[in-house]
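Welcome, and please have your viewer ready. We will go from stop to stop, and at each one you will hear what to select and what to look for.

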Amino acid sequence: MDYNELVQKRQDGFIDDLEFLLAQEELAEIYLKEMSEKGDPPSCENAMKWLLEYENKHLYEDL
C-alpha cells in the first residue's frame, strides 16, 4: 500500500499505530527485531513511541 494511503487510513481511524507501522515492511522488520531483542511484545503504544524515536534519529538528525 502507498504511504499516503497508509497515512490517510491512520488519520481516518481505519488502522491503528501498530498496523500503520507493520504495513511499512522495511520499518516493520527493524521494529520487530528491536522489540524481540528487548523482550517486548509489539503493541500500539510501543509502535508509535518507536516510530517517533526512529524518525528523530534517522530522519531529522541532519537538520
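Let's begin with the salt bridges: how many are there by the rule used here? The count comes to one salt bridge. Bear in mind as you look around that this is a predicted model.

**Stop 1: the salt bridge.** Select D17 and R10 and show their side chains. These two side chains meet in a salt bridge, with 2.5 Å from N to O. Now colour the pair by accessibility. Is D17 buried or exposed? D17 has a relative accessible area of 15%, so it counts as buried, the cut-off being under 20%. Its partner R10 is partly exposed, with a relative accessible area of 29%.

**Stop 2: around D17.** Keep D17 selected and bring up the residues it touches. Leaving aside residues up to four places away in sequence, D17 touches R10, C44, A47 and M48. To see where D17 sits, highlight residues 17-22: this is helix α2, and D17 is found in it.

**Stop 3: the ends of helix α1.** Next, select residues 3-11, which make up helix α1. What caps the N-terminal end of this helix? Show D2, and you will find that a side-chain oxygen of D2 lies 2.8 Å from the backbone nitrogen of N4. That is the cap on the N-terminal end of α1. Then move along the chain to G13, just after α1. Here G13 takes a positive phi of about 85 degrees.

**Stop 4: the whole fold.** Clear your selection and switch to a cartoon view. The protein has four helices and zero strands, and along the sequence the pattern reads α-α-α-α. Along its principal axes, the C-alpha trace spans about 30 × 30 × 20 Å. Among contacts with a separation of 6 or more, 33% are accounted for by residues 24 or more positions apart.

**Stop 5: surface and charge.** Turn on the surface. The protein exposes about 4800 Å², and carbon and sulfur atoms supply 49% of that area. How many of the 63 residues, as a percentage, count as buried? The figure is 25%, and D17 from our earlier stop is buried too. To finish, colour by charge: there are 6 positive and 17 negative charges, and their mean positions are 5 Å apart.

Key: Residues numbered from 1 in each chain as written. Predicted model: local features only at pLDDT ≥ 70, side-chain atom pairs only at ≥ 80, totals over all residues. Heavy atoms only, no water. Helix = DSSP H or I, 4+ residues; strand = E, 2+ residues; numbered from the N terminus. Buried < 20%, exposed > 50% of the residue type's maximum accessible area, 1.4 Å probe, protein only. Contact = heavy atoms within 4.5 Å. Areas by Shrake-Rupley, 256 points an atom, 1.4 Å probe, with all protein chains shown as cover. Lys, Arg positive; Asp, Glu negative; His and termini not counted. Charge placed at Lys NZ, Arg CZ, Asp CG, Glu CD. Salt bridge = Lys/Arg side-chain N within 4 Å of Asp/Glu carboxyl O. Polar contact = N/O pair within 3.5 Å; in protein donor to acceptor, adjacent residues only side chain to side chain.
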